[in-house]
Amino acid sequence: MGLRNIIGKRLGLGLVRRRKPFSTATCDGDGNGNGNAKSINLYSAINQALHIALETDNRAFVFGEDVSFGGVFRCTTGLSDRFGKARVFNTPLCEQGIVGFGIGLAAMGNRAIAEIQFADYIYPAFDQIVNEAAKFRYRSGNQFNCGVSNKFPGLTIRAPYGAVGHGGHYHSQSPEAFFCHVPGIKVVIPRSPRQAKGLLLSCIRDPNPVVFFEPKWLYRLAVEEVPEHDYMLPLSEAEVIRQGSDITLVGWGAQLSVMEQACNEAEKDGISCELIDLKTLLPWDKETVEASVRKTGRVLISHEAPVTGGFGAEISASIVERCFLRLEAPVARVCGLDTPFPLVFEPFYMPTKNKILDAIKATVNY
Amino acid sequence: MAFYSKIPRNIINNLKSKVGLWSLMKQSHGTCSYSSCLNTIHLHRFLPLTTLPQFTNPDSISHKKGHFPHFQRFQSTTTEKQIDSVPNGEQSQVLDFPGGKVVFSPEMRFLSESPSVYSQCYRVLDDNGQLISHSNFVTVSEEVAVKMYSNMVTLQTLDTIFYEAQRQGRISFYVTSIGEEAINIASAAALTSDDIVFPQYREPGVLLWRGFTLQEFANQCFGNKADYGKGRQMPIHYGSNKLNYFTVASTIATQIPHAVGAAYSLKMDKKDACAVTYFGDGGTSEGDFHAAMNFAAVTESPVIFICRNNGWAISTPTSDQFRSDGIAVRGQAYGVRSIRVDGNDALAMYSAVHSARHMAVNEHRPILIEAVTYRVGHHSTSDDSTKYRPANEIEWWRMARDPVTRFRKWIEINGWWGSEAESQLRSSIRSQIAERAEKPPVNDLFTDVYDNIPSNLREQEKLLKETINRHPKDYPADVPI
């Protein structure tokens, strides 16, 4: 496979934890080793995807606040110079305008790639996403969509999400659950640079409106070998990234590496953990998770977002519906607390490796 | 106490010597060169414009380029005028801040919250359908004028048919456009079929002009299987990709930024087309309106914003909606050229939209048109507007200010219409529309949520069909399973 390990660090209150490498249990097709691969971080991988998206379709546009100089996270570096200010441009500071404008652009057959600077600021655009983008195709009887006009293009909304160690209320949120409740859009969250590039290209080329949350904490700190060519990873397909037999863990994005650490420690206690990256939260791959739970009989879901009403609740309810008699223990959720995301208290709020480990043991010993 | 002075009066006083008296009636700031041409033309007697004056010369564009120093490519004439107009004796240094060029003054002056005169309203026909002298308008051929009139009458008829249908319980809901026929038809007539329309919900006349048939309207209202929208939305939520009319949604003002994105696309494709979006006075309070206006100006998109200021947002009068002098004044706040038009004057509407389109497409700029009118009908069939406004006010507007009658008078004066033509028209509008058609199949509940049906929806469809089999009486008989 030729994959380099992913390295990352989480900075808590003076704690520095070394991240362990991901092991990919399955081949993921085009993402693997064809041609040249370079070790790059997440924002570079995303940048590569955007370069490829714009070079392969001259009707692709990238726009949002501060994208022209390269973006506050450097994901849009070089795009404006290479593709021009008509295709890569700053917008006024107005999320509802960014998404509304993007919908109009997409509805005319263009690939509109909108950036929301932080997922914490996506809410002004919520109406446009829920009432407009998500329903554009359905309400028109498929005469219009964004989506497709007669070709493929569509609307992709990218936003950095998740804890970053010092982000507080408004630079740390994980709002994915709000969007998972909206029929008509897709919600995709990558766990690593190689995943991000392939998934983002799939999102951009998907004929439905997609919200793509990028784990900002991994922008610099996750480094992986990423093929330089154009490749896509499938949406709505979960990936078993670690095989196991005692318990199934389900997660997405940055949280997976925390879960992976918990799995490694649990292994020392003889617990064999299977770890699934959901990748697409809406529509989500129930079949893969269900198959795993049928094997293990136990499931634990972990996400940074607050536990109440979080997407873990949907997964839990679905699994209980489908696998009730197979379950050996209640479905466990190790999630953020039901509070606004705190600054000083971040280490207490977060679903840490040890919280997960404790829950794994409690579930296995139920 | 703050020294308070109205800038417009100051500027007016200073400009008085430079421009004719006519300019006093205009907004003092940034009169665009097109209207400046009208300025000079008015001195002659009635002179219909058969060709539009040149206003694409950037040097003659007098909007506020000077306030945006990073726009290097245009010479600004307005800023210099402003500096000239600063009263003598004051320091007139100009300094460049990143946020804009500023002219300093030691005198503390607040900009007034309102202009010293109401923004003028462009009209060409008086209430009796007579052409106003010294008026300027874009000429309309007999064929187009007659078509406009016929469409206005058809729109009235359409409204009557469907309003009655709702009252009789045959459709669940309807929204009339009574009183706004001129806005609907005249604006549609001034556009081309390539112009992309983003409606609110009181503009079926635009669809009608473009060829949507009574039966197609009916299909959507009855939600039958021929409805392009596949029965998913309430009545009046029409859409036609063939006619470049985006599907109506109940949400207010959400379509406005869509129009800007679409216009940007047209510009990128170098199409001879613009985007047009309609909304009411209420819609201008929504954030999406402000977002869109700002985006349109910054992206230099060829979009026409048409506001139907009909005085009411359901029961909310404009005095509860905003305190600006209407909508057109807001254009300047965003850097958007604007005009206020008598929305009940079909000829003025036509001219304004025609000119706006030319500017939008050729200069890559947004234009804001405020069409003042009156909502003669209730907000919808769910509303009884006599609860919040006097019945005699409604009647007066219906009878004395009817835009259709007014335009009819004009075409009769021109010898293009008569009573025989009138009765022929009225009898030819078919009121036979098929309503008892089948509804779309229940399968259409699940399609088009995404491009393909995902597994969760296939599963839900399967479960639903089982439920329907068990409890058929719970479900309407006219929806095929």
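Helices (H or I, at least four residues) and strands (E, at least two) are DSSP runs, numbered from the N terminus. The model is predicted: local features need pLDDT of at least 70 and side-chain atom pairs count only at pLDDT 80 or more, while totals for chains, interfaces and linings use all residues. Residues are numbered from 1 along each chain as its sequence is written, chains are lettered from A and ligands numbered from 1 in written order, and side-chain values use heavy atoms, without hydrogens and water.

Q: Which strands stand at the edges of the five-strand open sheet of chain A?
A: The sheet has mixed pairing (at least two DSSP bridges per pair) and runs in the order β11-β13-β12-β15-β16 of chain A. An edge strand has a single partner, so one side of it is left without a neighbour in the sheet; in chain A this holds for β11 (239-242) and β16 (332-336).

Q: Which residue stands opposite A:Leu249?
A: Strand β12 (residues 247-251) and strand β15 (residues 299-306) of chain A run parallel and are joined by three bridges. In β15(A), the residue facing A:Leu249 is A:Leu300.

Q: At about what angle does helix α13 of chain A run to β12(A)?
A: Helix α13 (residues 353-364) lies across β12, β13, β15 and β16 of chain A. Axes are lines fitted to C-alpha atoms, for helices over the stretch in contact (heavy atoms within 4.5 Å), and angles run from 0 to 180 degrees between N-to-C directions. To β12(A), the angle of α13 is about 145 degrees.

Q: How many residues apart in sequence are the parts that B:Arg401 and B:Asp127 tie together?
A: Their side chains meet in a salt bridge (Lys or Arg nitrogen within 4 Å of an Asp or Glu carboxyl oxygen) at 3.5 Å, N to O. B:Arg401 sits in the loop between α12 (391-400) and α13 (403-413) of chain B, and B:Asp127 in the loop between β3 (121-122) and α4 (142-167) of chain B, so the separation is 274 residues.

Q: Is B:Glu180 buried or exposed?
A: The side chains of B:Glu180 and B:Arg308 form a salt bridge of 2.8 Å, N to O. The partners are 128 residues apart, with B:Arg308 in strand β6 (residues 303-309) of chain B. Buried means under 20% relative accessible area, exposed over 50%, partly exposed in between (1.4 Å probe, protein chains only). B:Glu180 has 0% relative accessibility, so B:Glu180 counts as buried.

Q: What is the relative accessibility of B:Asp448?
A: B:Asp448 meets B:Arg232 in a salt bridge of 2.8 Å, N to O. The pair ties together parts of chain B that are 216 residues apart in sequence. B:Arg232 is buried at 17%, and B:Asp448 counts as buried at 8%.
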